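Let's take a look at where this fold leaves empty space and how some of its helices pack. Here is the structure to keep open alongside the text.

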Amino acid sequence: MTTEPADDVRRDYQNIRIEHEGPLTWIVLDRPDKANALSTELLDEFTDALERSKTEGGPILAIRGEGKGFCSGYDVGQVGVPKRADPVADRARLQRNLDRFLAIWDHPKPVIAAVHGYCVAGGSQMCVFTDVTIVTETAKIGEPTIPIGGGYIAPLWATLVGPKRAKEIAFVPGNSIDGRTAVEWGWANHAVPDDHLLESVRSLAARMALVPADVLAMKKLSINRAMEAMGMRQATAAVSDADALLHLSPDVRDVRERIRAEGLKNVIASFRVPATTDLSTR
């Protein structure tokens, strides 16, 4: 994905970049050769960048992905292979990931997600916690193709799209929606042409920045509290338990063993089916 030069670029990270553009500070997921997969190292840097940005950079944050897509999800090379069963450690790992994204939710600055190309699994999970999401019309947003999770992604979608659509996404391997559908469902705010994405985010950030920072922070907090009164944070707290439990299932262990024996690409191919959006065109 090509961009205009930023006013200032921080280069002290290996897996992300920080770019300052006037009132807007970008956190750029920068593993394009790995489809911006969320490795532990990337997530550690992301957490550090969020903390720094509380006192550094512009009054508005935005997240985008370098290369062909926003994010392909969690790094399967780290989490998809068979390991010794340890549900307590597994649950702690899963919750640590969610805590990283809750830091977006709890951040004092508004956070915009700028989504192009693919936004899958953990990538879509990250966007649930941003304050505004702008997507390209052709973006592909959805679930992992390999069914080795027990409800780590879609329950968080439910707070945005409702239970029936969350279940539709979750029940079919690799199910996805495009950018226009994401707006229709309530997952995203706006769908724009591919070449207008960054321009649209910059324009929105400039308008937001007219509001004093303290006012923005309190507006965000008050709306978040309304969502939390409806159970958003409680729902987030439950998904790590469910996912860690399912990881002990013989069925899931079998799939992970297949990944080891057959290779990731072959296992993905065996689960790949059309997205359910094709139902509306027949």
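The largest pocket holds about 1,300 Å³ of space; keep in mind that this is a predicted model. Its lining runs to 50 residues, and those nearest the centre are Ser72, Val120, Ala121, Pro144 and Thr145. Helices and strands both chip in: α2 (76-79), α3, β6 (118-120), β8 (140-142), α5 (154-161), α6 (163-171) and α12 (264-271) each give two or more residues to that lining. Sorted by class, the lining comes out as 26 nonpolar, 14 polar and 10 charged residues.

Next up is the second largest pocket, with about 520 Å³ of space. Here 24 residues do the lining, and Thr130, Asp131, Val132, Ile223 and Asn224 sit nearest the centre. Two or more lining residues come from each of β5 (111-115), α4 (122-128), β7 (132-136), α5 and α9 (213-229). Which element supplies the largest share of this lining? That would be α9, with 6 residues. The class split for this pocket is 15 nonpolar, 6 polar and 3 charged.

Then there's the enclosed space. The model has 1 cavity of 30 Å³ or more, and the space in this largest cavity is about 70 Å³. Of its 11 lining residues, Ile18, Ala49, Arg52, Ser53 and Glu56 lie nearest the centre. The elements giving two or more residues are β2 (16-21), β3 (24-29) and α1, with α1 giving the most, at 3 residues. By class, the cavity lining divides into 5 nonpolar, 3 polar and 3 charged residues.

Here are the three spaces together:

| Space | Volume | Lining residues |
|---|---|---|
| Largest pocket | about 1,300 Å³ | 50 residues |
| Second largest pocket | about 520 Å³ | 24 residues |
| Largest cavity | about 70 Å³ | 11 residues |

Now for the helix packing. Helix α1 (residues 40-53), which we just met in the cavity lining, packs against helix α3 (residues 87-105) at an angle of about 30°, and the two axes are 10 Å apart. Because of that angle, α1 counts as roughly parallel to α3. The crossing of the pair is left-handed. On the α1 side, the contact uses Leu43, Asp44, Phe46, Thr47 and Leu50, while α3 brings Asn97, Arg100, Phe101, Ala103 and Ile104. That contact is made up of 6 nonpolar, 2 polar and 2 charged residues.

Helix α3 has another partner, helix α10 (residues 232-246), and these two pack at about 150° with their axes 8 Å apart. So how do α3 and α10 run, roughly parallel or roughly antiparallel? With an angle over 145°, α3 and α10 are therefore roughly antiparallel. Their crossing is right-handed.

What does α3 put into this contact? Its residues there are Pro87, Asp90, Arg91, Leu94, Gln95, Leu98, Leu102 and Trp105. Facing them from α10 are Met232, Arg233, Thr236, Ala237, Val239, Ser240, Asp241, Asp243 and Ala244. By class, the contact of α3 with α10 has 9 nonpolar, 3 polar and 5 charged residues.

One element to follow through the model is α3: it gives two or more residues to the lining of the largest pocket, packs roughly parallel to α1, and runs roughly antiparallel to α10.

How values were computed: Residues are numbered from 1 along each chain as its sequence is written. This is a predicted model: local features need pLDDT of at least 70, side-chain atom pairs count only at pLDDT 80 or more; totals for chains, interfaces and linings use all residues. Side-chain values use heavy atoms; hydrogens and water are left out. Axes are lines fitted to C-alpha atoms, for helices over the stretch in contact, and angles run from 0 to 180 degrees between N-to-C directions. Helices (H or I, at least four residues) and strands (E, at least two) are DSSP runs, numbered from the N terminus. Angles under 35 degrees count as roughly parallel, over 145 as roughly antiparallel, 65 to 115 as roughly perpendicular and the rest as oblique. A crossing is left-handed if the near helix is turned anticlockwise from the far one by less than a right angle, and right-handed if clockwise. Contact means heavy atoms within 4.5 Å. Ala, Val, Leu, Ile, Met, Phe, Trp, Tyr, Cys and Pro count as nonpolar, Asp, Glu, Lys and Arg as charged, and the others, Gly among them, as polar. On a 1 Å grid over the protein atoms alone, a cavity is a set of points where a 1.4 Å probe fits but cannot get out, and a pocket is an open set with protein on both sides within 12 Å along at least five of seven lines; lining residues have an atom within 4 Å of a point. Grid points are joined across faces, edges and corners, and a volume is the space filled by probe spheres set on the points.
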